[in-house]
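This report introduces the structure shown below to a reader who has not met it before. It treats the contact between chains, the fold of one chain and the confidence of the prediction.

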Amino acid sequence: MDERAAFRFAGRLVPASFAAFARHRAARLGLALERLEVEEAEARAVLRGPAWLLEAFVLALSLGPLDCLVTSAEREG
Amino acid sequence: MRTRDRVALDEWYAVASADELGPAPWPTRLLGEDITLARTPAGLAAHDAAGAPLPLRERYGLVFTTLGAPRGEIVEIAEAVEPDRRFVPCGWTLLRASGLRVVENFLDMAHFPYVHADILGAEPRTEVAPYRVEFRREADELWARGCRFWQPRAAATDTTGTMMEIDYRVPSPFVVMLYRVAPSQPHRRDCIALFIQPMEATLCRAVPLMWLADDISTHTAMLHFEQAIFLQDRVIVENQRPLALPLDPRAEIPTRADSSSVAYRRWLKEKGLRFGTAEWTGA
Amino acid sequence: MAWTAVALAADLGVGDVAGTRIDGEEIALWRDAGGTPHAFEDRCPHRGMRLSFGFARGDRLACLYHGWQFDGAGRCRAIPAHPDLSPPATITLRRHRCVERAGLLWVAFAEAPPPADAPAWPVLSLFLDRPATTREPWRERIAGTPLLLAPQPRSPTQSAWHVVALAPPADAAALRAALHARRRALERFADEQPAASERRHAMAGSSHLRSAREAG
């Protein structure tokens, strides 16, 4: 029942902080984080796991760590 | 001491029920500041800790004031002017919790079968179906629409279960409302609004108001129903750790059912509101 | 000593859930259907609700807020809002070591050999509005009965003693009376100190432990 999904986040990000949070959250949810690229205006992630946990991942990342302001969080493709 | 959070200061806050005020000074606290209200022969008056007068409004039977310069007016509630509705104002409750946690709790449905067991929800009907979150930019409000939850007894008159449909509305950081189908009049919706007075970062007062299309149950029954539910929620918000609302989700695990809670925190973060949040170390 | 007594074993029955604290750290104590006691961090990882308000069902502890269920190892086993989905093994909460020895429940935050076991008869738990003066359990004979007294430093201003007898109490009523008298003497002593700490009544709510033997 595992899926692979690509996500895109836009906003004002602190790359190191957002990346650390993304890794932390993927691990907390037991998801495989296959790819992660973070810049100041945008981040992209590819993960694999059950659909509901992928949803929980994007939900947490839509808020993000305190020092990042996320304006959009979308699944791609 | 008055908070330095400008975003929190620039809002209207309900601080008393109009019929509670008499000529004797009524002291209370708002955003860390001790204020005083009174009803003088010349009308309602409010003063801050230094004795400077504060702006006042009276709406929905409540007295509102502000310590700053609100950009908008007090929330418009259309149901309040519909003549055939029953207006049920509940009493004020003091809560040792952040007012933001109280809003978050109001938006949450997944707790119905546990905190309000056999009233607003019951095992095993615990599933929270997906719903839509809307950031309404023009009105600067947050909505959660198309929420559905199975309730064994959603109102005092209900004796069989129904799939309740609810919309939630957050018109300002410390005010939250819901609209739900009226049990006895399925083509209309009841409206419940919760006005929160943030006194300190983790101390607040709150008052529920209801505008009901329901025409069967007694005023007292509705009042008791709502008060019981509110007191059950108080046990929760007073016992969350931290008491203040975390804006950083690292120590929590939101799932899809928590979408409105996450959206609410995003909205607060965008606004720059800090009073009552866990990460705010200032006053 | 790495282990701290937090209750009389007899005060936590199967299915009971209680809150306690050690040095200010909040702990949820519960006993599963198999009789095993557990000590969890008193905070649900979902949205921070205190687990000591939750309810035990079989070998699981459920949070009062949204009913998330945790097994004895602290692993989340059910999330009722998503009833058909299995929580990943990575969703666990922090738990502490918990053992039952000599009629007491003990908690430790680090690996350490557990306290010695011994036949014991429950006497009572006393809650004091003063800090613990010792962290080590001690033995004493009171009212003709050999006792093991185990202190619990709850917070900077509060402590508890959990008392078991190592032989059947010779005169149970006299023993309880003597222990209560000692508690009162200690609290009077604390009152008379010039730099007395802030008076706070022992919060019945901070420990939901039933102690039928503490007449107070």
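Two residues are in contact if their C-beta atoms, placed from the backbone, lie within 7 Å. In this predicted model, 13 residues of chain A are in contact with 15 residues of chain B. On the chain A side, helix H1 (15–28) and helix H2 (51–63) are the elements that each give two or more residues. H2(A) gives the most, with 7 residues. The chain A residues that touch chain B divide by character as follows.

| Character of the residue | Residues on the chain A side |
|---|---|
| Nonpolar | 9 residues |
| Polar | 2 residues |
| Charged | 2 residues |

Chain B itself contains 5 helices and 14 strands. Its radius of gyration is 19 Å, close to the 19 Å that the globule rule gives for 283 residues, so chain B is as compact as a globular protein of that length. Along the principal axes, the C-alpha atoms of chain B fill a box of roughly 55 × 45 × 35 Å. Of the 283 residues in chain B, 47% are buried. Among the contacts in chain B between residues at least 6 apart in sequence, 61% join residues at least 24 apart.

Confidence is reported for the model and for chain C. The model scores ipTM 0.96 and pTM 0.92. Chain C has an average pLDDT of 88, and 87% of its residues score at least 70. Over residues 194–216 of chain C, however, the pLDDT is below 50. Beyond near neighbours in sequence, this stretch of chain C has 35 contacts in the model.

How values were computed
Residues numbered from 1 in each chain as written. Chains lettered and ligands numbered in written order. Predicted model: local features only at pLDDT ≥ 70, side-chain atom pairs only at ≥ 80, totals over all residues. Helix = DSSP H or I, 4+ residues; strand = E, 2+ residues; numbered from the N terminus. Rg over C-alpha atoms; globule rule 2.2 N^0.38 Å. Buried ≥ 20, exposed ≤ 12 C-beta atoms within 10 Å, placed from the backbone. Nonpolar A, V, L, I, M, F, W, Y, C, P; charged D, E, K, R; others polar. pLDDT = per-residue confidence, 0-100.
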